[in-house]
Every structure is written in structure tokens, then in C-alpha cells.
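Good morning, colleagues. I shall speak briefly about one pocket and one pair of helices.

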Amino acid sequence: QAALTEREQQILSLISKGLSNKMIARQLNITEGTVKVHVKHLLKKLNLRSRVEAAVWAVNTARQFES
């Protein structure tokens, strides 16, 4: 698995909290288009097909580190 950039990690975390691209863009002070590019890259790196899969992956990964 390719390492995510810090920005991709931030965006993945916000996706897992249920935020939309528009809300992520506002929170990180970047454009919605930039968010979409980051989402596309992180999905490809993690070999996932959707934001929902990414959110599930992020939650499951976080749980592994907690236990």
C-alpha cells in the first residue's frame, strides 16, 4: 500500500467523519476541485472504489491501532 500524503490523510479522516467535499474544502481552505483530486489519488493508492469504502477503511484502520 502506497503511503498517503499528509493532506490525503487529513481528507480521509474528514471523509470518515461524513463530511462532503464542499465541507472538507471549507475546513481545509482549499477548493472543492482540489479535494476531489486528493480523494481520487487516495482511493487509487488504497485500491478502493468509493468514498464509502474509504470511510470504512479509515474507521477499521483506526480501530486496529486502538486495540
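**The largest pocket and a helix pair**

The largest pocket has a volume of about 180 Å³, where volume is the space filled by probe spheres set on grid points joined across faces, edges and corners. A pocket here is an open set of points on a 1 Å grid over the protein atoms alone, where a 1.4 Å probe fits, with protein on both sides within 12 Å along at least five of seven lines; lining residues have an atom within 4 Å of a point.

This is a predicted model, in which local features need pLDDT of at least 70, side-chain atom pairs count only at pLDDT 80 or more, and totals for chains, interfaces and linings use all residues. Residues are numbered from 1 along each chain as its sequence is written, and side-chain values use heavy atoms, leaving out hydrogens and water.

Which residues lie nearest the centre of the largest pocket? They are Leu4, Gln9, Leu12, Trp57 and Thr61, out of twelve that line it. The elements giving two or more residues to this lining are α1 and α4 (51-66), and α4 gives the most, with five.

I turn now to the helices, which are DSSP runs of H or I with at least four residues, numbered from the N terminus. Helix α1 (residues 6-16) packs against helix α2 (residues 21-28) at an angle of about 130°, their axes 10 Å apart; axes are lines fitted to C-alpha atoms over the stretch in contact, and angles run from 0 to 180 degrees between N-to-C directions. Arg7, Gln10, Ile11, Leu14 and Ile15 of α1 meet Ile24, Gln27 and Leu28 of α2, with contact meaning heavy atoms within 4.5 Å.
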